[in-house]
Amino acid sequence: STKCLKTLYKFLIKKLSNECCFSIYYRDFLCIICCQDSVLKRYPAKFVGCCLANPAEDGNGIKQLEDLILNDGYHAVRFNPYLWPPNEQMTNDIGKAIFSKAGELGVPVGFMCMKGLNLHIKEIEELCSSCPSTTVLLDHLAFCKPPTTDEETLAFSNLLKLSRFPQVYVKFSALFRVSREKFPYKDLTSTLSQLVSSFSANRVMWGSDFPFVVPECGYKEAKQAASLIAHQASLSSEELEWIMGGTIMELFKGQWRS
């Protein structure tokens with residue numbers, strides 16, 4: 001409910017008072033809280049909101065996106081490929097129009113490839129090629145775990161090859177989802193090293209996946225894990241600073257206001 005969401009974000013603000021790099025995701029296409037007293041408008045110094053693309057065949061999602069960005073204070077949009085109508089892909093006319101509109105509005109598009117990057121790589125490549133001005137965020141390492149099979153090796157290779165598109169950024173996030181090990185997820189050392197080599201640190205950003213990270217290892221511990229992995233990967237302090245906040249602050253420059 002709306003009341004529960006507000007309670008959650010008040011708790012988040014209280015517990016994470018020194019942070020600013022958060023996203024608010026709603027499952028409803030229209031986003032539940034789009035009013036003057038929404039958390040985005042009440043706490044602009046704390047949150048940058050990401051809405052969810054509506055790929056309905058009637059095309060209303062294009063106007064909805066514009067309204068959410070221009071009127072309700074959102075600054076990113078997520079593409080969930082599993083919300084597209086049956087037998088349709090993110091590269092259909094609606095998907096391309098929303099992707100293009102996001103670029104026109106200057107907001108990034110995040111891709112949530114929960115069933116694997118290999119299923120969607122061609123769509124992502126086509127969208128990136130069709131609209132180079134649209135920034136792309138790949139959530140949770142595009143769900144690429146440290147590869148142990150040929151298919152997983154291909155997925156991770158496809159992820160690294162996306163670095164050829166200057167607009168693509170990768171979230172080193174939800175480590176508990178993409179690691180094969182328990183905290184502190186040391187098997188992601190090589191993954192991070194290769195990511196930074198391909199994309200550079202200023203196109204990689206850490207994320208917690210709050211609140212789901214809490215029962216896994218905890219928010220504070222998740223940050224510690226990222227720093228430990230970076231140290232094991234022999235990243236410099238400057239590279240770590242980019243990953244732990246510099247990249248997202250640069251990407252959403254000027255969005256956090258006092």
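Biologist: Where is P184 placed?

Modeller: P184 is in the loop between α7 and α8. Helices (H or I, at least four residues) and strands (E, at least two) are DSSP runs, numbered from the N terminus. The model is a predicted one, in which local features need pLDDT of at least 70 and side-chain atom pairs pLDDT 80 or more, while totals for chains, interfaces and linings use all residues. Residues are numbered from 1 along each chain as its sequence is written, and side-chain values use heavy atoms, with hydrogens and water left out.

Biologist: How many helices and strands does the chain have?

Modeller: There are 11 helices and 7 strands in the chain. Buried residues (under 20% relative accessible area, against over 50% for exposed and in between for partly exposed; 1.4 Å probe, protein chains only) make up 52% of its 258 residues. A contact means heavy atoms within 4.5 Å. Of the contacts between residues at least 6 apart in sequence, 79% join residues at least 24 apart.

Biologist: Back to P184. Is the peptide bond from F183 to P184 cis or trans?

Modeller: The bond from F183 to P184 is cis, and its omega is near 10°. Another cis bond runs from F210 to P211, with omega near 5°. P211 belongs to the loop between β7 and α9 (213–216).

Biologist: S179 is in the loop between α7 (175–178) and α8 as well. Why does S179 count as buried or exposed?

Modeller: S179 counts as buried because its relative accessibility is 6%.

Biologist: Which residues does S179 touch, leaving out those up to four places away in sequence?

Modeller: With those neighbours left out, S179 touches K145, Y185, D187 and L188. With D187 there is also a polar contact, side chain to side chain, at 2.5 Å. A polar contact is a pair of N or O atoms within 3.5 Å; within protein, one must be able to donate a hydrogen and the other to accept it, and residues adjacent in sequence count only if both atoms are side-chain atoms.

Biologist: The loop leads on to α8. Which residues of α8 are buried?

Modeller: Helix α8 covers residues 189–199, and T189, T191, L192, L195, V196 and F199 are buried in it. They lie on the same side of α8, because they cover an arc of only 165° around the axis; the arc is that of the directions from the helix axis to the C-beta atoms.

Biologist: What covers the buried residues of α8?

Modeller: The cover includes three helices and two strands by name: α6 (150–161), α10 (219–232) and α11 (237–251), together with β6 (168–173) and β7 (204–207).

Biologist: What is the phi of S200, just after α8?

Modeller: S200 has a positive phi of about 80°.

Biologist: And N87: what is its phi, and where is N87 found?

Modeller: The phi of N87 is near 70°, a positive value in a residue other than glycine. N87 is in the loop between β3 (74–79) and α4 (93–105). With a relative accessible area of 84%, N87 is exposed.

Biologist: Is A142 buried or exposed?

Modeller: A142 is buried, since its relative accessible area is 1%. A142 has a positive phi too, about 55°, although it is not a glycine. The loop that holds A142 runs between β5 (136–138) and α6, and α6 is among the elements that cover the buried residues of α8.
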